[in-house]
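Visitor: Could you please guide me through one part of this structure in detail? I would like to look closely at the place where the two chains meet, and then at the charged pairs.

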Amino acid sequence: MSLDDLYRRVIMDHYQKPRNRGTIEDGAVTVNLNNPTCGDRIQLQMRIEDEKIAEAKFVGEGCSISMASASMMTEAVRGLSLDDAMKMAELFSLMMQGKDIDPESYGLDIGDIEALQGVSKFPARIKCATLAWKAMEKGCGECKLKSE
Amino acid sequence: MNEHEIRKSFPILHQEVNGHPLVYLDNAATSQKPIQVIEAIENYYKKNNSNVHRGVHTLGNRATEAYEGAREKVASFINAGSSHEIVFTRGTTTALNLVAQSYARAFLKEGDEIVITPAEHHSNLIPWQQAAKATGATLKYIPLQEDGTVSLENVRKTITHRTKLVSIAYVSNVLGTINPIKEIAHIAHGHGAILVVDGAQSTPHLKVDVQELDCDFYAFSGHKMLGPTGIGALYGKRKWLEKMEPVEFGGEMIDFVDLYDSTWKEIPWKFEGGTPIIAGAVGLGAAIDFLQEIGMNEIAAHERKLVQYAFEKLEGIDGITIYGPRKGRSGVITFNLDHVHPHDVATVLDAEGVAVRAGHHCCQPLMKWLNVTATARASMYLYNTEEDIDRFINALIKTKEYFSHVLG
Ligand SMILES: Cc1ncc(COP(=O)(O)O)c(C=O)c1O
């Protein structure tokens, strides 16, 4: 168990300097999620234009892993179609299960998110990393339902 | 008391975790089990297993004796007036829910008050929220003092002639505070209210005498005091238990059953519907034997010494915040490290083989009161040693260094 697998420099960087922290004034999909066992919480807002995530922002409270994951996720989904964002969430979930994944075969650019791979070796912390992704999936799902 | 000798009875403590000898400091969540308890359960299943209160055969008799014998042990452990005042439950949560469902819902009405504190575990909070909603009673909170303790002055100010029920933990699972139960009972009774005590964190660590405390109900769990999970008890004064209706109906708890009406067994059996947790009760009985052989006062003194020792060491670390009072607390230390989330603290400690808890500890209103979302908590028990504390402190210093490094 190497802590450095978990606390990678990029992760700590996102934790200290979260990207897309804040709220979107109007016209945004809003999802509130919390992790009832530890009290971490997130509010994710996404502005959807033409079935694409034009912007994603979050506020919340939580550990380094949950906040860094939210920061990375909001970066990664910007500009993606709802379908691609959901595909990325699926990819992330596989990654948390320790599966060897190849983002290229999904045609997705996961950027910094790869740094979270190490979380899969810390089962107690997987929930921390997935909170923001669950929120994003939920938001996309709601949007799709509305547009149908 | 010799903790090094005691440790020999706990096989689980003798292992490495993540390459380091295990230091188990999550005892407020659940304690480890001595071999004597494990063997008592094994022995019961190997030799005596049978259902209770029904068979006329030998095993049925043995099982009944083992189960009822455990009840006697519980009664004498907390000095109940009689074993009839001990109802076996799944734990503290079910015991408190039994009081809320049976006593509170039947005897409280609109305009009455239920009084608790903001420091309560969810198990001693939500049942009262629900009872208040069901009866129209008002839920009121005794304000905490700045250091998290409960003052008798605030108790006197909050309890009124409308108060029918007061429920409070003897020992807080977060702040480690020890509440003045006897005095609170006196104040509550002066207003005609009853006192319910959440004994989840006191029963494992202090000598408890329910008659001396003069509480009306007292709830606790076996698993936090060396016993198995799934068993606990509710003590209730006979006069209340006799007036109360069961909340679970079915086998075991009945006297006569007719097509349209039935009658119940006497106390405590009317509250124990269905086949009970027999092996669990046997394990709890063995745990009580183990604790009594050492002596509850000795255990309490050992933990006081350890917590004192830990405080002295912690004071040398800057950037640490400790919640709750310094003095008069049990072996629970809840803290935060500046700039590091408690989950991250717990993960690094775990990498050093040190098990602590991080989160809200089922006390969300208290976390709000402390103005934090979560904390880390190290909680001790009779088998912890000064070396454990040293290892914990060293791991904590490493944690600080680690994060000052990765956070740059
Ligand atoms: C103060 C307090 N009350 C109630 C409980 C609930 O105990 P159990 O989960 O065994 O029912 C606990 C333990 O988590 C506790 O610490």
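Guide: What follows describes the interface, then chain B as a whole, and then several salt bridges.

This is a predicted model, in which local features need pLDDT of at least 70 and side-chain atom pairs count only at pLDDT 80 or more, while totals for chains, interfaces and linings use all residues. Residues are numbered from 1 along each chain as its sequence is written, chains are lettered from A and ligands numbered from 1 in the order in which they are written, and side-chain values use heavy atoms, with hydrogens and water left out.

Let us begin at the interface. Here 19 residues of chain B are in contact with 22 residues of chain A, where contact means heavy atoms within 4.5 Å. The two chains bury about 1700 Å² between them, 56% of it on carbon and sulfur atoms; buried area is the accessible area (1.4 Å probe) that two parts lose on being put together, summed over both.

Between chain B and chain A the count is one salt bridge, that is, a side-chain nitrogen of Lys or Arg within 4 Å of a carboxyl oxygen of Asp or Glu. Its partners are Arg125(A) and Asp344(B), whose closest N and O atoms are 2.7 Å apart. In general, side chains of opposite charge can pair when their charged atoms come close.

Which elements of chain B give two or more residues to the side that touches chain A? They are helix H12 (342-351) and helix H14 (386-406) of chain B. Helices (H or I, at least four residues) and strands (E, at least two) are DSSP runs, numbered from the N terminus. The largest share, six residues, comes from H12(B). The residues on this side of chain B divide into seven nonpolar, ten polar and two charged. In this division Ala, Val, Leu, Ile, Met, Phe, Trp, Tyr, Cys and Pro count as nonpolar, Asp, Glu, Lys and Arg as charged, and the others, Gly among them, as polar.

Chain B as a whole has 14 helices and 17 strands. Its C-alpha trace spans about 75 × 55 × 35 Å along its principal axes. Of the 408 residues of chain B, 60% count as buried; buried means under 20% relative accessible area, exposed over 50%, and partly exposed in between (1.4 Å probe, protein chains only).

We now turn to salt bridges within a chain. The structure holds 30 salt bridges over all chains. In one of them, the side chains of Lys121(A) and Asp5(A) meet at 3.2 Å, N to O. This pair links distant parts of the chain, 116 residues apart: Lys121(A) is in the loop between helix H5 (103-106) and helix H6 (126-147) of chain A, and Asp5(A) is in helix H1 (residues 3-6) of chain A. Lys121(A) is exposed, with a relative accessible area of 55%, whereas Asp5(A) is partly exposed, at 27%.

Another salt bridge joins Arg78(A) and Glu75(A), with the closest N and O atoms 2.9 Å apart. Arg78(A) counts as partly exposed at 44% relative accessibility, and Glu75(A) is partly exposed at 32%.

In chain B, Glu252(B) forms a salt bridge with Lys265(B), the closest N and O atoms being 4.0 Å apart. Glu252(B) counts as buried, at 10% relative accessibility, while Lys265(B) is partly exposed, at 24%. Finally, salt bridges that share partners join Asp13(A), Lys17(A) and Arg19(A) into one network.
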